[in-house]
Amino acid sequence: MENLLFTGRWEVSATKARTSVPAAMVQFVASAKSLSFDLEGTSRWRLDVDGVQKEIFVTDARETKVVKGLDGNKHHYRLVKISETNPGFVTLYGISTDPAGKFFDKPAASNRRIEFIGDSFTVGFGCEGNSGDSPDLEFEKTNASKSYAFLLADGFKADFQVNAFSGRGLVRNYANIVPEWTIEKLYDYTVPGAAPSEPDAAPYDLGSFHPQVVVIFVGINDFQGEPPYGDKGLFKKAYASLLEKLRKAHPGVKFLLVSTKIWPNDDLTPTVKAVYDAEIASGHSDLDFLTLRTENSALLGHPSVHSHVEMANTMRPIIARLAKWLSR
C-alpha cells in the first residue's frame, strides 16, 4: 500500500483498504504491460492512464481483475470507484504489475483540497441513463466520474472527497427509508456504508483531510417524494451544526451552499437560503449560496451527463473565488 495515494474516505491497513463512497480513488505511478487489481465487493471501476480513461470493469465476489495492453512505460494511473455502495463496502487487497513492471514513489498530494457533501445528485446517480430507462439499471447507469463533483475536483487538480448518499437527506430520507441513517449520521464514519451493520465501525477522523472548500448540496430528499417531509426547523439546526463542526475541524474553510428546484412544494431553496442568511447575520463571511437549474432527464429524474457539466461550469468560478484558486 506504500506506493498508493488514496483519495476519498478509505480505511487503510497494511494488508487492505476499504471504502464505500462514490469517486473514491487510488493513484499510483508504474511501468507495466499489465496491471492486476485484487478487489472484493460489488462495484464499477474506471482505470485512467495519465488522466485518460483506459477501461471500465465490474467486480463482485473477490477476484483479480487484469488489465492488459499497456505499453510498459512509466505512467500515472488512477483507479476510480464510479458506482455507489450504500449499504456495504468494497475492499482493495492489492495492485500488482506484470513481472517486468515496477512501481515508483506514490504521487504527491495536491495543495488543493475540496469536499462535496450531498445526495444522489452529487453521486452522479443514473447520469448515463435517461428517464425512460428501467430503474433496475441504476448500477450500470451511475458514473461518479461524470458527476459535477468529480469534474470540478479534476479540473482544479484538487484532492477531494465525495461524501454523498443517494436517497438520504440531512434529517429525513426519501420516503423515510432507514430513517435512523441520514446524511447527518452517515457522515461521521470512515466507511459509511459499513456503519449500519458494524457496531464497531470506525468513526471518521476529521483531522485526516482538511478541505479548503466544502460544497454542500443536501436537502432534496428531506423535502421531496411522499410526505411527511423533513421538519424545517430541525433541518436548519442540523445544517448550522454541520457548518460549525466543519469550521472547528478546518480553520479557514469556505463553504458553497447549493440548492435546486424540487417538487412538489419547492421548499428546499428558501430553507437553505434561510440558513445562509442566518449565517451572514451572525457575522460569518466564509460562505456563498447558489441555486442551480438542473436538467433532470436521466434515470429517475436525475441530472444527465450534460447537466453535470453545466452544474460544474456554474460552480467553478464561485469555488475559484472562495478558495482563491486560479485555473490550472
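This passage walks through a pocket, some salt bridges and a few unusual spots in the backbone. Everything here comes from a predicted model.

Let's start with the open space. The largest pocket holds about 580 Å³. Its lining is made up of 26 residues, and the ones nearest the centre are S120, F125, S166, G167 and H302. Two helices chip in here: α1, running over 120–123, and α2, running over 138–141, each give at least two residues to this lining. Sorted by class, the lining comes out as 13 polar, nine nonpolar and four charged residues.

Next come the charged pairs. The structure has 17 salt bridges in total. One of them joins R44 and E128, with 3.9 Å between the closest N and O atoms. R44 sits in strand β6 (residues 43–49), while E128 belongs to the loop between α1 and α2, so this pair ties together parts of the chain that are 84 residues apart in sequence. The two partners are not equally covered up. R44 has a relative accessible area of 10%, which is under the 20% cut-off, so R44 counts as buried. E128, on the other hand, comes in at 28% and is partly exposed.

R247 turns up in two salt bridges, one with E279 and one with D286. With E279, the N to O distance is 2.8 Å. This pair links distant parts of the chain, since R247 is in helix α5 (residues 232–249) and E279 is in helix α6 (residues 268–281), 32 residues apart. Both R247 and E279 are buried. With D286, the N to O distance is 2.7 Å. D286 is found in the loop between α6 and β16 (287–292), and R247 is in helix α5, so here the salt bridge ties together parts that are 39 residues apart in sequence. How accessible are the two ends of this bridge? D286 has a relative accessibility of 12% and counts as buried. R247 also has a relative accessibility of 12%, and R247 counts as buried too. Elsewhere, a network shows up: R46, D48, R78 and D154 are joined into one group by salt bridges that share partners.

Now for the backbone, where a couple of peptide bonds deserve a look. Which form does the bond from N86 to P87 take, cis or trans? That bond is cis, and its omega is near 10 degrees. P87 itself is placed in the loop between β9 (74–81) and β10 (90–97). The bond from W263 to P264 is cis as well, with omega near 5 degrees. P264 is also in a loop, this time between β15 (254–260) and α6.

Finally, there are residues with a positive phi that are not glycines. A23 is one of them, with a phi of about 65 degrees. A23 is in the loop between β3 (17–19) and β4 (25–31). Is A23 buried or exposed? With a relative accessible area of just 1%, A23 is buried. K157 is another non-glycine residue with a positive phi, here near 55 degrees. K157 lies in the loop between α3 (148–156) and β13 (159–164).

How values were computed: Residues numbered from 1 in each chain as written. Predicted model: local features only at pLDDT ≥ 70, side-chain atom pairs only at ≥ 80, totals over all residues. Heavy atoms only, no water. 1 Å grid on protein atoms, 1.4 Å probe; cavity = no way out; pocket = protein on both sides within 12 Å on 5 of 7 lines; lining within 4 Å. Points joined across faces, edges and corners; volume = space filled by probe spheres on them. Helix = DSSP H or I, 4+ residues; strand = E, 2+ residues; numbered from the N terminus. Nonpolar A, V, L, I, M, F, W, Y, C, P; charged D, E, K, R; others polar. Salt bridge = Lys/Arg side-chain N within 4 Å of Asp/Glu carboxyl O. Buried < 20%, exposed > 50% of the residue type's maximum accessible area, 1.4 Å probe, protein only.
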